[in-house]
Amino acid sequence: MMDTREKLISSAKKLFSQKGYYETKVSDIVADAGLSQGTFYLYFRSKEDIFKELVRIMSEKVLNLLEEYARKDDDVEKIIKDATLEFFRIMYEEKPIAYIFLFQLVATNEEFREMYFEKNKKVRKLLRVIAEKGIRSGKFAYKNAENIVNILMGYVRIVYLDYLLKGNMPLEEILSMVEEGIDVILKGVKA
(Lines give C-alpha, C1' and ligand atoms only; values in the text may rest on other atoms or scores of the structure.)
Protein backbone atom coordinates (compact mmCIF):
# COMPACT_ATOMS: atom_id res chain seq x y z
CA MET A 1 0.00 0.00 0.00
CA MET A 2 1.29 3.45 -0.88
CA ASP A 3 2.22 5.83 1.88
CA THR A 4 0.98 9.43 1.81
CA ARG A 5 4.13 10.84 0.18
CA GLU A 6 4.02 8.18 -2.55
CA LYS A 7 0.33 8.95 -3.18
CA LEU A 8 1.16 12.62 -3.69
CA ILE A 9 4.05 11.79 -6.02
CA SER A 10 1.94 9.33 -8.01
CA SER A 11 -0.92 11.81 -8.38
CA ALA A 12 1.45 14.62 -9.32
CA LYS A 13 3.11 12.51 -12.00
CA LYS A 14 -0.26 11.49 -13.41
CA LEU A 15 -1.64 15.04 -13.47
CA PHE A 16 1.51 16.72 -14.78
CA SER A 17 1.55 14.08 -17.53
CA GLN A 18 -2.10 14.73 -18.41
CA LYS A 19 -2.41 18.48 -17.91
CA GLY A 20 1.13 19.82 -18.08
CA TYR A 21 3.05 21.77 -15.47
CA TYR A 22 1.29 25.11 -15.66
CA GLU A 23 -2.25 23.73 -15.69
CA THR A 24 -1.72 21.42 -12.72
CA LYS A 25 -2.45 22.91 -9.31
CA VAL A 26 -1.65 21.66 -5.83
CA SER A 27 -5.41 21.39 -5.23
CA ASP A 28 -5.65 19.02 -8.24
CA ILE A 29 -2.86 16.83 -6.87
CA VAL A 30 -4.38 16.49 -3.41
CA ALA A 31 -7.87 15.87 -4.80
CA ASP A 32 -6.53 13.09 -7.04
CA ALA A 33 -4.60 11.59 -4.11
CA GLY A 34 -7.67 11.83 -1.85
CA LEU A 35 -5.79 13.96 0.66
CA SER A 36 -6.12 17.42 2.16
CA GLN A 37 -4.15 20.42 0.97
CA GLY A 38 -2.55 20.72 4.40
CA THR A 39 -1.19 17.18 4.04
CA PHE A 40 0.57 18.20 0.82
CA TYR A 41 2.49 20.90 2.66
CA LEU A 42 3.74 18.41 5.24
CA TYR A 43 5.75 16.80 2.44
CA PHE A 44 6.34 19.50 -0.18
CA ARG A 45 6.62 23.29 -0.10
CA SER A 46 5.09 23.88 -3.53
CA LYS A 47 4.12 22.50 -6.91
CA GLU A 48 7.68 23.26 -8.03
CA ASP A 49 9.04 21.24 -5.12
CA ILE A 50 7.04 18.11 -5.97
CA PHE A 51 8.02 18.43 -9.63
CA LYS A 52 11.68 18.63 -8.58
CA GLU A 53 11.12 15.37 -6.73
CA LEU A 54 9.77 13.77 -9.92
CA VAL A 55 12.85 14.99 -11.82
CA ARG A 56 15.11 13.70 -9.05
CA ILE A 57 13.46 10.26 -9.20
CA MET A 58 13.79 10.18 -13.00
CA SER A 59 17.44 11.29 -12.86
CA GLU A 60 18.22 8.77 -10.15
CA LYS A 61 16.93 5.95 -12.37
CA VAL A 62 19.27 7.02 -15.16
CA LEU A 63 22.28 7.57 -12.92
CA ASN A 64 21.76 4.24 -11.13
CA LEU A 65 21.57 2.55 -14.51
CA LEU A 66 24.81 4.14 -15.71
CA GLU A 67 26.59 3.41 -12.43
CA GLU A 68 25.60 -0.23 -12.77
CA TYR A 69 26.91 -0.40 -16.33
CA ALA A 70 30.10 1.51 -15.47
CA ARG A 71 30.92 -1.21 -12.89
CA LYS A 72 30.41 -4.08 -15.35
CA ASP A 73 33.35 -5.96 -16.80
CA ASP A 74 31.49 -7.11 -19.93
CA ASP A 75 32.54 -6.21 -23.43
CA VAL A 76 32.53 -2.40 -23.60
CA GLU A 77 30.51 -2.36 -26.82
CA LYS A 78 27.82 -4.46 -25.16
CA ILE A 79 27.90 -2.18 -22.11
CA ILE A 80 27.41 0.94 -24.24
CA LYS A 81 24.66 -0.58 -26.35
CA ASP A 82 22.78 -2.15 -23.44
CA ALA A 83 23.04 1.00 -21.29
CA THR A 84 21.81 3.19 -24.14
CA LEU A 85 18.87 0.94 -24.92
CA GLU A 86 17.92 0.75 -21.24
CA PHE A 87 18.18 4.55 -20.99
CA PHE A 88 15.62 4.87 -23.80
CA ARG A 89 13.30 2.38 -22.11
CA ILE A 90 13.40 4.38 -18.88
CA MET A 91 12.92 7.70 -20.63
CA TYR A 92 10.03 6.34 -22.68
CA GLU A 93 8.24 5.62 -19.39
CA GLU A 94 9.18 9.08 -18.10
CA LYS A 95 8.38 10.89 -21.35
CA PRO A 96 5.75 13.36 -20.03
CA ILE A 97 7.87 14.46 -17.06
CA ALA A 98 11.03 14.70 -19.19
CA TYR A 99 9.14 16.73 -21.80
CA ILE A 100 7.91 19.25 -19.23
CA PHE A 101 11.32 19.42 -17.59
CA LEU A 102 13.27 20.01 -20.81
CA PHE A 103 10.82 22.05 -22.87
CA GLN A 104 8.99 24.11 -20.26
CA LEU A 105 11.14 24.44 -17.17
CA VAL A 106 14.84 24.28 -18.07
CA ALA A 107 14.50 27.30 -20.32
CA THR A 108 12.61 29.42 -17.80
CA ASN A 109 13.84 28.43 -14.35
CA GLU A 110 17.43 28.73 -13.16
CA GLU A 111 17.04 26.03 -10.52
CA PHE A 112 15.77 23.50 -13.08
CA ARG A 113 18.54 24.56 -15.46
CA GLU A 114 21.13 23.85 -12.74
CA MET A 115 19.53 20.44 -12.13
CA TYR A 116 19.87 19.69 -15.84
CA PHE A 117 23.55 20.66 -15.99
CA GLU A 118 24.36 18.80 -12.77
CA LYS A 119 22.72 15.62 -14.10
CA ASN A 120 24.56 15.95 -17.40
CA LYS A 121 27.86 16.33 -15.57
CA LYS A 122 27.26 13.07 -13.69
CA VAL A 123 26.18 11.27 -16.88
CA ARG A 124 29.33 12.49 -18.68
CA LYS A 125 31.53 11.25 -15.83
CA LEU A 126 29.98 7.77 -15.91
CA LEU A 127 30.14 7.57 -19.71
CA ARG A 128 33.78 8.60 -19.55
CA VAL A 129 34.49 5.65 -17.22
CA ILE A 130 32.93 3.35 -19.80
CA ALA A 131 34.78 4.96 -22.74
CA GLU A 132 38.09 4.70 -20.87
CA LYS A 133 37.44 0.96 -20.37
CA GLY A 134 37.18 0.64 -24.13
CA ILE A 135 40.46 2.51 -24.62
CA ARG A 136 42.33 0.57 -21.90
CA SER A 137 41.07 -2.78 -23.18
CA GLY A 138 42.31 -1.98 -26.70
CA LYS A 139 38.76 -2.25 -28.02
CA PHE A 140 38.82 1.39 -29.12
CA ALA A 141 41.60 2.62 -31.38
CA TYR A 142 40.41 6.18 -30.95
CA LYS A 143 41.94 7.36 -27.67
CA ASN A 144 40.04 10.55 -26.82
CA ALA A 145 37.48 9.48 -24.19
CA GLU A 146 36.00 12.97 -24.00
CA ASN A 147 35.17 12.99 -27.71
CA ILE A 148 33.74 9.47 -27.50
CA VAL A 149 31.42 10.73 -24.75
CA ASN A 150 30.52 13.81 -26.82
CA ILE A 151 29.68 11.71 -29.86
CA LEU A 152 27.55 9.26 -27.85
CA MET A 153 25.75 11.99 -25.93
CA GLY A 154 25.17 14.03 -29.07
CA TYR A 155 23.62 11.11 -30.89
CA VAL A 156 21.50 10.07 -27.91
CA ARG A 157 20.35 13.66 -27.34
CA ILE A 158 19.17 14.09 -30.94
CA VAL A 159 17.25 10.81 -30.98
CA TYR A 160 15.88 11.49 -27.49
CA LEU A 161 14.65 15.01 -28.28
CA ASP A 162 13.48 14.54 -31.87
CA TYR A 163 12.10 11.02 -31.85
CA LEU A 164 11.21 10.15 -28.27
CA LEU A 165 10.05 13.45 -26.77
CA LYS A 166 8.74 15.30 -29.82
CA GLY A 167 7.67 12.38 -31.97
CA ASN A 168 5.19 9.57 -31.65
CA MET A 169 7.44 6.76 -32.80
CA PRO A 170 6.80 3.47 -30.96
CA LEU A 171 9.48 2.45 -28.48
CA GLU A 172 10.55 -0.63 -30.45
CA GLU A 173 11.26 1.49 -33.55
CA ILE A 174 13.28 3.95 -31.47
CA LEU A 175 15.27 1.10 -29.91
CA SER A 176 15.99 -0.38 -33.34
CA MET A 177 17.20 2.98 -34.63
CA VAL A 178 19.32 3.55 -31.52
CA GLU A 179 20.91 0.12 -31.74
CA GLU A 180 21.87 0.75 -35.37
CA GLY A 181 23.20 4.23 -34.57
CA ILE A 182 25.31 2.99 -31.66
CA ASP A 183 26.74 0.26 -33.93
CA VAL A 184 27.79 2.93 -36.45
CA ILE A 185 29.41 5.06 -33.72
CA LEU A 186 31.27 2.10 -32.26
CA LYS A 187 32.60 1.08 -35.68
CA GLY A 188 34.15 4.52 -35.92
CA VAL A 189 36.10 4.21 -32.64
CA LYS A 190 36.98 0.51 -32.72
CA ALA A 191 40.47 -0.88 -33.14
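Accessible areas here come from the Shrake-Rupley method with a 1.4 Å probe, and for residues only the protein chains shown count as cover. This is a predicted model, in which local features need pLDDT of at least 70 and side-chain atom pairs count only at pLDDT 80 or more, while totals for chains, interfaces and linings use all residues. Residues are numbered from 1 along each chain as its sequence is written, and side-chain values use heavy atoms, without hydrogens and water.

Start with the whole chain. About 10,200 Å² is exposed by the protein chain, 52% of it supplied by carbon and sulfur atoms. Colour by secondary structure: there are nine helices and zero strands (DSSP runs, H or I of at least four residues for helices, E of at least two for strands, numbered from the N terminus).

Next, select helix H5, residues 76-93. Its 18 residues should span 26 Å at 1.5 Å a residue (1.5 Å times one less than the number of residues), and the end C-alpha atoms are 26 Å apart, so the two agree. At the start of H5, show Asp75: a side-chain oxygen lies within 3.2 Å of the backbone nitrogen of Glu77.

Buried residues of H5 (under 20% relative accessible area, 1.4 Å probe, protein chains only) include Ile80, Leu85 and Phe88. The buried residues of this helix pack against H4, H6, H7, H8 and H9.

Finally, select Phe51. Apart from neighbours within four places in sequence, Phe51 is in contact (heavy atoms within 4.5 Å) with Phe16, Tyr21, Ile97, Ile100, Phe101, Leu105 and Phe112.

Conventions:
Buried < 20%, exposed > 50% of the residue type's maximum accessible area, 1.4 Å probe, protein only. Polar contact = N/O pair within 3.5 Å; in protein donor to acceptor, adjacent residues only side chain to side chain.
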